[in-house]
Structures are given as C-alpha cells and as structure tokens.
Amino acid sequence: MILTPEGNRFAEATEVAVTGGSGFVGSHLVRALHKRGQKVVVVDLSAPRPDILDLPGVRYAKADQRDFGDVLLALQGTDTVFHLAGNASGTVSVERPRFDFEVNAVGTSNVGNASVLLGVRKLVYLSSAIVYGTPQDTPMTEHHPTRPFLPYGASKLSGELALRSLHDTLGLPVIIGRSFVVYGPGEDPRRAGGEVSQFLRWQLNGLPIPLIGDRDRKTRDFIHVSDLCQAMITLAEAGTDGEIYNLGSGHEVSMRELADAVAEATGRPALLEADVNSLEDSFRLVADVSKLRGLGFTPEYDLASGLRDLAAHLGRHPELPSVTAVFRKTPVTGASAAAAHATTAAEVTAC
Ligand SMILES: NC(=O)c1ccc[n+]([C@@H]2O[C@H](COP(=O)([O-])OP(=O)(O)OC[C@H]3O[C@@H](n4cnc5c(N)ncnc54)[C@H](O)[C@@H]3O)[C@@H](O)[C@H]2O)c1
C-alpha cells in the first residue's frame, strides 16, 4: 500500500496486511483502512470479529506468528504490513514469560524476516511505551532510556530491536510506534486495560471506582483508539524508515482528573476508592509527541469527547472489569507460584 513510487498516497490495487486484525486495536485499524478504500488481509491466530469479515475487500488469513512458514504464506502479495499481533497483557507476560517472548519477540522477528523476503514496501510495528520502564523524565521523548521492568516490555523491545537490525542490515523499511495508554470501544473488560474504560464501566453501573495508586501522583497519557489508528497510517505515509515515534495525546491526566472527566461525561458524581497500599505505579507517564506531530498528525478526540463516545458505546450497564489493575513485581516461586497460577486475580497495568 501506501507509499507508491509516485508519492505518499494509497495504491488502491494492492493489499495491506494487519497482523492482530482480530484484536482490539487491530479491528479498528482494519475498519479505518477499509474506509479509505483499501483491500485488507487480517493475519491473526483468531478469527476476526463478525462485522470485520462482512466488509467488502477484507479477508482473513489464519497464521500463528511463531511459525515462520505461516507468516510467510499469510503475508504473500501484501505491499504494506501493520504489525499488531501479539500478547498485549502484562499479567500474561509475568505468568508465562517464555510464551510472551515467543509470541512478541520471535513472532515479530518472523514478521520482519518475512517482510524482507517478500519485499514489503512498508512495515509499521505497534510497540508500547512499556519499553521505557519507569519514567525518569516527563514528558518522555523517544530518547528516554529503555529499561522495561515487565517481561512484556522486554519482549516488545526485543521485537523493536529485531526489526531495527533488519532495517540497518537488510534495508527493511520499518517504522516503530510506541503507543501510550489506548482506550475506546471494543476493549476486553476481562483483562486489565487502560483506566479510561475501567473507570467508565464502574461508573456506568453506579458503583464506586476502585483505584490502584495515588489519585494525584499517578498520571497517564490516554490516546483514543481511532486516533491511534490514524497515527499509524500517518507513520506509514510520512514516517522515516528506521525511526521510532511516540504515539500518545501529549496530555497528562491524573486519576483525579480522569474521575472528574468521567463524572462530567456521565452526568453524575464519581466516587474514587483508592487502594493506598499499592502505590508502585503512581508515576507520571506522558508522551512527548512533537516527533509525531511533526508528520502532520493531529488527534480528533480530546479526553472529554472520547469519554462521551465510549460511554455512549458502553450503554447503561456494561460488563464490569473482572480483573483489577494491580502492579505486581514480587516474584513467586515453587509452591506459591503454583498457587498464584491457580488464582489469577492480579493484573499488571501495562500499555
Ligand atoms: N491496548 C493497548 O493499550 C496497547 C498499548 C500499547 C501497545 N499495544 C500493542 O498493540 C497491539 C494490539 O494490542 P490489543 O490491545 O489490540 O491486543 P489484543 O489482544 O486485543 O489483540 C492482539 C491480537 O493478536 C493476536 N495474536 C496473539 N498471538 C498471536 C500469534 N501467535 N499469532 C498471530 N496472532 C496472534 C490475537 O489473536 C489478537 O487478535 C499489541 O502488539 C500490543 O502490544 C496495545
């Protein structure tokens, strides 16, 4: 797709691959590309959501990205690849670090190597701000040190390094986006996602909002999933190969401010119940987005409009989040590890 020999525009005859196109972010990206008249192949281990397969010009190629042959076959004939497939859960990475590494690091290396062999014209990889680890500076530029503390962060960073090495040695035209906290319709409440949809789900059910961390010292940068997809398309069209771009809103929002915004969006007061015993993730996490903005990208949603949009989508009594967002670093071994595996109550906040 996208970068035709003539310039920065879509080549409509060609097909774009979206790995992870059955997932939360990927299904939004497939819809956004389809809206632009693009033919899309969803490359995923799981089948796409039903409305996706109904879209004309969209097809599904089943592939496990841990299997190089699968990936090679699925990506054949595609011009541009948006690579989103993988494990997106910090908790899963803590509980099954080898699985996480195989899917995210080895899988991403497979996608990169297949793209080289197939002569793909552009590969955009959706990485995560989790690769930075605990923020040392606010806002964070792309030059912030990378010291991930979760296996998930390490596997996402390994994927980045694998792709960049293929860029440096074999000329893979890859661009990396590091997303901050995504929110929007379609997020699975059964895994600890971002605070936005979690807060809204409690609030829309008329219940107090459980908060992990300090309401003022814990801040985040939230980006609406639709803006994230447009940002990825901007990277494909205007980004520089081999470069990394932060994908965020650039706005710092404390948990207290988020609760106030949730109250505003739903028209009734919001009650935050903070667990002050879990303060580990009470840090500021905000993107410096100058590099992305330099490509001409401007987000469509601010937090207020994004919240209104999501509240309308969720309706009056959405499913409650079934896992609490808990930041956990304590290693469990031996018998206690077995017990911990049996009762998976904790979820690590990740982006
Ligand atoms: N959701 C966020 O807040 C967020 C933030 C930053 C980065 N990201 C990144 O964005 C990407 C998508 O995240 P998401 O929230 O949509 O996750 P998701 O779990 O909804 O989607 C991931 C998709 O990958 C597929 N997949 C998993 N293992 C696979 C394998 N071995 N082979 C092929 N497909 C496989 C799954 O079936 C699923 O459809 C991930 O790479 C994640 O690291 C997400």
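Q: How far is an oxygen atom of the ligand from a polar backbone atom of G23?
A: This is a predicted model, and the pair in question joins the ligand to the protein backbone. Polar contacts are pairs of N or O atoms within 3.5 Å. The ligand oxygen and the polar backbone atom of G23 are separated by 3.1 Å.

Q: Which residue has a polar backbone atom 2.8 Å from an oxygen atom of the ligand?
A: Let's stay with the backbone around the ligand. A nitrogen atom of the ligand lies 3.2 Å from a polar backbone atom of L45. For a ligand oxygen at 2.8 Å, the backbone partner is V25.

Q: How many residues surround the ligand?
A: The closest ones are V25, D44, S46, Y152 and K156. Counting every residue around the ligand gives 27.

Q: At roughly what angle do the axes of helix α1 and helix α8 cross?
A: Helix α1 covers residues 24–35 and helix α8 covers residues 225–238. Their axes come within 9 Å, and α1 passes α8 in a right-handed crossing. The contact includes F24 and V25 of α1 and V225 and L228 of α8. The crossing angle is roughly 65°.

Q: Are α9 and α11 parallel or oblique to each other?
A: Helix α9 (residues 255–266) and helix α11 (residues 303–314) pack with their axes 9 Å apart, at an angle of about 55°. The two helices are therefore oblique.

Q: How many charged residues are in the contact of α9 with α11?
A: On the α9 side are L258, A261, V262 and A265, and on the α11 side are L303, L307 and R308. By class, 6 are nonpolar and none is polar. The number of charged residues is 1.

Conventions: Residues are numbered from 1 along each chain as its sequence is written. This is a predicted model: local features need pLDDT of at least 70, side-chain atom pairs count only at pLDDT 80 or more; totals for chains, interfaces and linings use all residues. Side-chain values use heavy atoms; hydrogens and water are left out. Axes are lines fitted to C-alpha atoms, for helices over the stretch in contact, and angles run from 0 to 180 degrees between N-to-C directions. Helices (H or I, at least four residues) and strands (E, at least two) are DSSP runs, numbered from the N terminus. Angles under 35 degrees count as roughly parallel, over 145 as roughly antiparallel, 65 to 115 as roughly perpendicular and the rest as oblique. Contact means heavy atoms within 4.5 Å. Ala, Val, Leu, Ile, Met, Phe, Trp, Tyr, Cys and Pro count as nonpolar, Asp, Glu, Lys and Arg as charged, and the others, Gly among them, as polar. A residue is near a molecule or strand if one of its heavy atoms lies within 4 Å of it. A polar contact is a pair of N or O atoms within 3.5 Å; within protein, one must be able to donate a hydrogen and the other to accept it, and residues adjacent in sequence count only if both atoms are side-chain atoms. A crossing is left-handed if the near helix is turned anticlockwise from the far one by less than a right angle, and right-handed if clockwise.
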